Every structure is written in C-alpha cells, then in structure tokens.
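Visitor: Could you take me through one part of this model up close? I'd like to see how the strands pair up, and then which side-chain contacts turn up elsewhere.

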Amino acid sequence: MPALPACLRAFLAVFVALFAAAIATPAAQAQDNPSGLPLPRFVTTRSHPINVRVGPGTRYEIAWNYTVSGVPVEIIQEFDTWRKIRDVDGEEGWVHQSLLSGNRAGYATPLLANGEVQMHTGQSTEAAVRARLAAGVRVSINECNGTWCNVSAGQPGERQAYSGWIQQAELWGVYADEAFD
C-alpha cells in the first residue's frame, strides 16, 4: 500500500504539469501571433508595387515584386509588423502588414484538369450558369457559407462584370467549410 500514494503523487504531478502547460499555451501563441488574428488566413495585397522579402525586415533581400494590387495571398506567420505570406503557386516571402488588406479575393481552381469553374445565379448546381471561368481567373469574394461563395469577376482593369455563386471547393483564397459575410 505505501507505493499507492507515491504513484498517486506522480500522477498528480504529471497532471499539474500538463495543466500548467495548457494554460501557458495561449500566451505563447499570442507572442508568436502579434496581431491576435487567426493563422493562417487569406488577405489581398493593398498597393503596388510590393516588395516581397526573404526575411521579416527591410534589411533582407527582395525575392520578388507584386506589380498589381488585389492579389490574394495567405498569411502563414507573423513577426512584429511583418507577415509571411504564401501565394497560389506556393511561393513564400515576407511583407510589411501595411501592404496587406483584409479584402478577400481568390482564383478559380477547377476540380477537373483543363476544366472551368461555373458561376451560378444561385447556390445550387441546378441554378442557371451565369459565367464560365477559366482556371486562374481572379475573383473578389463577397461571402461564403461553407459550401458556396458569392463572387464577382470581370476583365482585368474593368469594372466587375459578373457576379454569382461558385462552389467553395473550386476557389483558392478560402478554406474548406469557412463561412463569412
């Protein structure tokens, strides 16, 4: 019987250590995430040109530039006022937070190779087709309900010409089951 209290003490010590670690985790995450916003998350570029750097600061080399605004990117990490982003091609680099906007945009990504994305008048495959978008067409995302997204698309440099509903699975720039308005 004397071994039972020692086992119980060991069990309690492990339990307390795990509990303390669980409480400390949000504080550690807050330090890794200065904005307090969820990671990862999608945003767009605010202006142009934007220098994308190999590290979080102006002392780091420029990896590439964005020459147009409104490009959808995914923030995957934060350091102070710098955001590590990933683009649709999987390329990663760092930009200053002031160069990003919370506006949502995405790219049409057909489920079938060499296919197209159908934009419907409603949230159903039975709804009339308003437009057919080729792979890579940029769209502004107005809202998503977890299955369908209301988007606008048009020719580059022109006012948005078409708006309708696209299946969420056929968009890069929104997560599966993500809902927002």
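Guide: Start at E143, which stands opposite N150 in β12. That pairing belongs to a set of four bridges between β11 and strand β12, residues 148-153, with the two strands running antiparallel. Keep in mind that this is a predicted model. β11 and β12 make a hairpin with two residues between them, and in the turn you'll find G146 with a positive phi of about 105°.

Now stay on β11 and look at its other partners. Strand β8, residues 105-108, is joined to β11, residues 138-145, by three bridges, and the two run antiparallel. If you want a spot to click on there, G106 stands opposite V139 in β11. Then there's β15, which is connected to β11 by two bridges, again in an antiparallel arrangement. The place to look is N145, which sits opposite A179 in β15. So much for the backbone pairing; on to the rings.

A search of the whole structure turns up four aromatic pairs. One of them is F42 with Y175, a tilted pair with 4.5 Å from centre to centre and 40° between the planes. In sequence the two are 133 residues apart: F42 is in strand β1 (residues 41-45), while Y175 is in the loop between β14 (171-172) and β15 (179-180), so this pair links distant parts of the chain. F42 is buried, at 7% relative accessible area, whereas Y175 counts as partly exposed at 25%. W64 and Y66 make another pair: their ring centres are 6.1 Å apart and the planes meet at 80°, which makes the pair edge-to-face because that angle is over 60 degrees. Both W64 and Y66 are buried. Going back to F42 and Y175, ring pairs link these two with Y107 and W172 into a cluster. Y107 falls within the residue range of β8, 105-108, and W172 within that of β14, 171-172.

Last stop, the charges. Side chains of opposite charge can pair when their charged atoms come close. Across the whole structure the search finds seven salt bridges. Among them is the one between E74 and R86, where the closest N and O atoms are 3.1 Å apart. E74 lies in strand β4 (residues 72-79) and R86 in strand β5 (residues 82-86), so the salt bridge ties together parts that are 12 residues apart in sequence. Are these two buried or exposed? E74 counts as buried, at 7% relative accessibility, while R86 is partly exposed, with a relative accessible area of 29%.

R86 has another partner as well: it forms a salt bridge with E92, the closest N and O atoms being 3.2 Å apart. E92 also meets K84 in a salt bridge, at 3.5 Å from N to O. As for its surroundings, E92 is partly exposed, with 35% relative accessible area. Put the shared partners together and you get one network of E74, K84, R86 and E92. If you'd like to trace it on screen, go from E74 to R86, then from R86 to E92, and finish with the step from E92 to K84.

Conventions:
Residues numbered from 1 in each chain as written. Predicted model: local features only at pLDDT ≥ 70, side-chain atom pairs only at ≥ 80, totals over all residues. Heavy atoms only, no water. Salt bridge = Lys/Arg side-chain N within 4 Å of Asp/Glu carboxyl O. Buried < 20%, exposed > 50% of the residue type's maximum accessible area, 1.4 Å probe, protein only. Phe/Tyr/Trp six-rings, centres within 6.5 Å; stacked < 30°, edge-to-face > 60°. Pairing = 2+ DSSP bridges.
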